[in-house]
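Trainee: Could we zoom in on one spot in this model and work outward from there? I'd like to start from a single side chain and see how its surroundings are put together.

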Amino acid sequence: MRKILYLLLFFPLWCLGQDDFQLTGYVEDISTGERLIGATLVETSSGVGAVSNAYGFFSMNLPRGKQKLEVRFVGYQNNTLFVNLQQDSLIFISLDPGVSLDEVVVKASAPKETHRELSSLTYQRLNMAQIDRIPVVLGERDILKSLQYLPGVKGGRENTTTYNVRGGSADQNLILLDGVPVYNVSHVFGFFSTFNNDAIKGASFYKGGIPARYGGRLSSVLDVTMKEGNLKRNSGVFSISPISARFTLEEPIKQDTASWLFSVRRSFLDLPLWLYQNLSGLDQTYGFKFYDLNVKANWIINERNRLYVSMYTGRDRQFHRSKDEEGITDKNHYQWGNLTGVARWNKILSPRLFSNFSAYFSRYKFAIKGKSDDGSTKSLFESSSKLWDYSLKADLEYYAGKSYLSRFGGKVSHLVFKPNIIQIVNQDYDITMNDEYSKQANSIEGYQENEFQFGRLNMNAGIRFSAYFADGKKYLDWQPRLGIGLDLGNGYQLSTSYMRMTQYIHQLSNSSLGMPTDLWVASTGNVRPEVGEQVALGIERRFNSTYKAGIEAYYKTMDHVIRFQEGETFVNTNDNNWEERLLSGKGRSYGSEFFIQKEKGRLTGMVSYTLAWSERQFEEVNKGNWFPFKYDRRHDLSLLMEYDLGEKCQKQRSLSLGFTFQSGNNLSIPDTEVPGLVLPGMEEYASESLPNWFKSRRTYDNPNNFKMPAFHHLDIGYTTKLKRTERKNYTWTFSLYNVYSRMNPWYYYKRNDKVRSISVFPIIPSVSFTYKW
């Protein structure tokens, strides 16, 4: 298969149309100037089609003369326009938001899908309007939780944003915000994600057939794009839920030329709690808060050049303060957060060549801080983990002809890892542990990706090259990718894909029953990069413009996956041999996914089902035999539906329903537990005023020896939207999470040789309010 891929990569460009002209341009929202991603364009007589890219840009190779174009985008009215081509031309196409009343029938060609070589079970373009109407807990819309309704995507613990794709671990999912990797996407210990829906324009999700332009993870890609800012007029959103309040403002800096966006979200439950605790005169105060801030600006220099600058920052903070009768005060903080920034330059280099150059950074940090003051002695303890990612990137698209598109580019990166840095300070000493064990890594990546169309056959063949340098070690890897779609007629499409992925960074997660403490670490001379390969085969049928259904089978292998040594519950880097406490092994997963979807009408929705197996193998564990992965859930059934109640008195109303049934997770329940000792180097400092750090060893009869019961819950929601004027509307959303109050076990622990469970989420009603102008 790899030889075939290499042949396709260097296939001669015999398909160029020398006598044709290139029609290029952008598709945008007529009311805001926002560029539309994934809009489809079809020339009606020839059936030649195109799709706007991540920046709303498209390019079509058409013959000389008058051409009729049909332009479509979900949630917008169809647009028909005529173009008289006498030379290469650049145009701007505007679409009206809203539903087209009259269906336009295009003869000789069906609307071109965003990825004709991939099935709907492999690739999804997420609709933010639909996500806003999914039933949610406590009124918080969440793009990461909406993914968990898709087949092959399994949630971690109940109502958390962590997800696992086709047998992979959570850190094997690449999550991008405006092209920048985000290394922690959770608020409130995973209950809510860091993404503010009001600032998001759209997202693309891949779990198979991942194109060569993406790399660095084994299981999936979620590519989230922020809104650009309204170029036409001032607009905004204010929303409030039981958990947080959100405010988003968009406005032109110079109309039709430059604009900016500002979006902020903050939890507020800590404010009344803080007020109550202070007014009550309590000796102890505690609380939790989080915030997100998104800022973006763009400038259209001219019709061929555009600049973007965007930034995101978010943080969680848990705190506890106390003062005893002797006047001794203690302050403890646990906080973590992200900071990202990117500058991008879009340039049309020629009618056939589109480019995007970017420079970005991404930082993730978590820290535990403790301060103590008895009036004469002050003590400070801090434990932190940090990760920096600095990168330069170039992406280019060459529209060679009617049936060939080439994408190519590359990236250079510098990464800095500082896992588990510990500092202890008082009036007698100042000790910093592990600082000398910081790691730096550099990487160079390049890719070549080719899209072909031969009649009913569509193909995406590409290859990615990566070179990674760290700890005096060099890793080189070639990663071929292939996606093929074949139109069988009568609405049937057969699709198959192959991909090889390499992952150079790892997340160390606590595998015990307790809450995980996660560290990002680099591949080193002892810890090799993870490598995965996946093949998939599926068939999909569109019955008409309303219904479609499909089934897909996949098989995935993974090498050099890591886990703790048997009995380890926490990896500490203090003694500089943490790498030796990790085990390297293999993984495999396989299964089949099915869905049926109704896309039009008052009742819309999707039913999906997954039958899957996921296993791991380590020579040092379970006598070298395969054992089930933690998230080996055999059955996964999801139902998501929405019913449009129609409009009455200028009110648009809808009902939504979400149901999930999943087989239970696997847990390793310890048979014995041996307490550990104070960490080396801290013996002389252990006292009542300083924390004692322990590690313990637990033994198991076999890994993941306990199966949790099946998990299921039903959620319903009701949305009413009142349109005051053409530009202003109010939306109330009411929801019930876990309607029949199924007490799904969320956490297990062992006491007196008995395994006990704790459930967290009973039935939860919520309401949220949104005002848009």
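Leaving aside its neighbours within four places in sequence, which residues is Ile539 in contact with?

Mentor: Happy to. Some ground rules before we dig in: this is a predicted model, where local features need pLDDT of at least 70 and side-chain atom pairs count only at pLDDT 80 or more, while totals for chains, interfaces and linings use all residues. Residues are numbered from 1 along each chain as its sequence is written, and side-chain values use heavy atoms, with hydrogens and water left out.

Now your residue. Beyond those sequence neighbours, Ile539 is in contact with Leu488, Tyr492, Gln493, Leu494, Ala549, Gly550 and Ile551 (contact means heavy atoms within 4.5 Å). Ile539 sits in strand E33; helices (H or I, at least four residues) and strands (E, at least two) are DSSP runs, numbered from the N terminus. Gly550 is eleven residues along the chain from Ile539, with 5.7 Å between the two C-alpha atoms.

The pairing gives you the local layout. E33 runs antiparallel to strand E34 (residues 547-564), with twelve bridges between them; two strands pair if DSSP finds at least two bridges between them. Ile551 in E34 is the bridge partner of Ile539. The two strands, E33 and E34, make a hairpin with four residues in between. Keep going and E34 pairs with E35, again in the antiparallel sense, over 17 bridges. As a landmark there, look for Tyr555, which stands opposite Tyr590 in E35.

So what about solvent? Ile539 counts as partly exposed because its relative accessibility is 34%: buried means under 20% relative accessible area, exposed over 50%, and partly exposed in between (1.4 Å probe, protein chains only). One of its contacts, Leu494, is found in strand E30 and is also partly exposed, at 32% relative accessible area.

Those side chains belong to a nonpolar surface patch of about 900 Å², made by Leu486, Leu488, Tyr492, Leu494, Leu537, Ile539, Ile551, Phe594, Ile596, Val607, Leu637 and Phe661. The elements giving two or more residues to this nonpolar patch are strand E29 (473-489), strand E30 (492-503), strand E33 (530-542) and strand E35 (582-598). On the cut-offs: patches take residues with over 30% relative accessible area and no salt bridge, joining like charges within 9 Å and nonpolar side chains (Val, Leu, Ile, Met, Phe, Trp, Tyr) within 5 Å. A salt bridge is a side-chain nitrogen of Lys or Arg within 4 Å of a carboxyl oxygen of Asp or Glu. Areas come from the Shrake-Rupley method with a 1.4 Å probe, and for residues only the protein chains shown count as cover.

For contrast, have a look at the buried side of things. The largest nonpolar core has 32 residues, of which Tyr183, Phe417 and Tyr468 touch the most other members. Two or more residues each come from strand E20 (284-302), strand E23 (353-373), strand E25 (404-425), strand E28 (457-470), strand E31 (505-508) and strand E32 (519-522). E32 gives the most, with four residues. A nonpolar core here is a set of buried Ala, Val, Leu, Ile, Met, Phe, Trp, Tyr and Cys residues joined through side-chain atoms within 4.5 Å. If you want one residue to centre on, Phe417 touches Lys386, Leu387, Ser438, Lys439, Ala441, Tyr468, Ile505, Trp520, Val521 and Ala522, not counting residues up to four places away in sequence. Apart from this core lies another, of 27 residues, including Leu126, Ile131, Ala203 and Met226.

E23 turns up in another hairpin arrangement too. Strand E22 (residues 329-350) is joined to E23 by 21 antiparallel bridges, and that hairpin has two residues between its strands. On to strand E24 (residues 378-401): 21 bridges join E23 to E24, also antiparallel. Their hairpin has four residues in between, and Gly375 in the turn has a positive phi of about 100 degrees.

Now zoom out. The protein chain has four helices and 48 strands, and 55% of its 773 residues count as buried. Among contacts between residues at least 6 apart in sequence, 66% join residues at least 24 apart. The chain exposes about 33,300 Å², with carbon and sulfur atoms supplying 56% of that.
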